[in-house]
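Trainee: Could you take me on a close look at one part of this model, the helix packing around its core? I'd love one connected walk-through that I can follow with the structure open.

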Amino acid sequence: MQKKTEGYLWLAVTILFFSTYEIVGSTLASGMHPLFVSAFRFTLGGLVLLPFAKLPKASSDWWGLFGLGILNVAIAMGLLQLSLSYAQASVAAILFSTNPLFVGIVAAMAGDKLAPRDILGLCIGFVGVLLIAGPASLEGWVGPILALASAAVFGLYSYLGRGYAQRLGSATANSISFILGGALVFLLLPLFGAPMWQITTANLLPMLYLGIFVTGLAYFAYLRGLSLLTPAAGSATFFAKPALATILAWAFLGEPLSWWKWAGIAVIILGMLQTMGGKKEKIQSTKSA
């Protein structure tokens, strides 16, 4: 199988799991602190992948993976959870899905050359995300700004994580960074007045699903897919999340599908085809995950 095809298959698994996050999250019992949710699901996801990981030998890799954990678990997910206090969950999720634009910006700043078709595809996908958000969704400014800040940090994490996945393998990059980042967030819980343990019989199964599938397996597939593709082409598939999440919310939660959401889904597909249809590019060889 060609690396490009394999990469998109891994990312398809990622988007499928990521798109169920809001639906499963809505079933969680009320009263759970958002930082506990992040700490638990990332620590569990890291432990699930740990048997498939190889412990880094260089101290610089340990510090680098710790930095990835801080970027993703503590900062990006922390900002995203905080944005939910000021904006609707659907709006925050949609704005977070603009992170491929920030991956492209980081890649350009790092000296990676983006093909014109990649830039065009990212811009088209961004327009599609805005269409799904709707003409009256962005009420207020604190929540949307926090969600966009989360997307920017996640874009930086995606770009840096891709490099670690290429060198160390996706299982190692995810497992170690998740455990270190999750442990840090657990230690910070008392500072926010949150209990260190909030699992009950009512929220156990949803939390296990979020930790094992939406976090462990999905992130493994995400960095694995990115490691086989160019930064712009790989991250552009993330635009599919709001489209698929919108369809799933309509199917399982009965949320209405307006005409601009259908239009946004169509535009997102167009943008993804734009970035995915380029000529085959040389990708760095990767270690097996």
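Mentor: Happy to! Read along the sequence, the pattern is α-α-α-α-α-α-α-α-α-α-α-α-α, which amounts to 13 helices and zero strands. Please keep in mind as we go that this is a predicted model. The chain has 289 residues, and buried ones make up 54% of them. Among contacts with a separation of 6 or more, 92% join residues 24 or more positions apart.

Let's start at helix H3, residues 34-49, and look at its partners one by one. With H4, residues 59-83, the axes come within 10 Å and cross at roughly 140 degrees. Angles over 145 degrees would count as roughly antiparallel, but this pair is classed as oblique because of its angle. H3 passes H4 in a right-handed crossing. On the H3 side, the contact is made by Pro34, Leu35, Ser38, Arg41 and Phe42, and H4 answers with Asn72, Val73, Met77, Gly78 and Gln81. Sorted by class, the residues of this contact are five nonpolar, four polar and one charged.

Ser38 is a nice residue to zoom in on here. Ser38 sits in helix H3 and has a relative accessible area of 0%, so it counts as buried. Leaving out residues up to four places away in sequence, Ser38 touches Val73, Met77 and Gln81. Those three residues are also among the H4 residues listed for the contact with H3.

Now turn to the other partner of H3, helix H10, which covers residues 204-227. The axes of H3 and H10 come within 8 Å and cross at roughly 60 degrees, so this pair is oblique too. The crossing is again right-handed. H3 brings Val37, Phe40, Arg41, Phe42, Leu44, Gly45, Val48 and Leu49 to the contact, while H10 brings Met207, Leu208, Leu210, Gly211, Ile212, Val214, Thr215, Gly216, Tyr219 and Phe220. By class, that makes 13 nonpolar, four polar and one charged. Arg41 and Phe42 appear in this contact and also in the one between H3 and H4.

From H10 you can step across to H9, residues 170-188. The axes of these two helices come within 8 Å and cross at roughly 130 degrees, and they are therefore oblique to each other. H9 passes H10 in a right-handed crossing. The H9 residues in the contact are Ser170, Ala171, Ala173, Asn174 and Phe178, and the H10 residues are Thr215, Tyr219, Phe220, Leu223 and Arg224. This contact has six nonpolar, three polar and one charged residues. Thr215, Tyr219 and Phe220 of H10 take part here and in the contact with H3.

While you are around Ala171, have a look at Phe52. Phe52 lies in the loop between H3 and H4, and its C-alpha atom is separated from that of Ala171 by 6.0 Å, although the two are 119 residues apart along the chain. At 57% relative accessibility, Phe52 counts as exposed.

How does all this come together in the interior? In soluble globular proteins, nonpolar side chains tend to be buried together. Here, the largest nonpolar core has 52 residues, and Met77, Phe154, Tyr157 and Tyr219 have the most contacts inside it. The elements giving two or more residues to this core include H3, H4, H9 and H10, along with helix H8 (142-168). You have already met Met77 in the H3 and H4 contact, and Tyr219 where H9 meets H10. Phe154 is worth selecting too: apart from neighbours within four places in sequence, Phe154 is in contact with Asn72, Ala76, Met77, Phe96, Asn99, Tyr219, Tyr222 and Phe238.

There is also a second, separate core of nine residues, which includes Leu122, Ala243, Ile265 and Ile268. To finish, find Val129 in helix H7, residues 116-133. With a relative accessible area of 1%, Val129 is buried. Setting aside residues up to four places away in sequence, Val129 touches Ile94, Ser97, Thr98, Phe239, Pro242 and Ile268, and Ile268 is one of the residues in that second core. Val129 and Leu95, 34 residues apart in sequence, are 7.5 Å apart in space, C-alpha to C-alpha.

Key: Residues numbered from 1 in each chain as written. Predicted model: local features only at pLDDT ≥ 70, side-chain atom pairs only at ≥ 80, totals over all residues. Heavy atoms only, no water. Axes fitted to C-alpha atoms, helices over the stretch in contact; angles between N-to-C directions. Helix = DSSP H or I, 4+ residues; strand = E, 2+ residues; numbered from the N terminus. Parallel < 35°, antiparallel > 145°, perpendicular 65-115°, else oblique. Left-handed = near helix turned anticlockwise from the far one by under 90°. Contact = heavy atoms within 4.5 Å. Nonpolar A, V, L, I, M, F, W, Y, C, P; charged D, E, K, R; others polar. Core = buried A, V, L, I, M, F, W, Y, C linked by side-chain atoms within 4.5 Å. Buried < 20%, exposed > 50% of the residue type's maximum accessible area, 1.4 Å probe, protein only.
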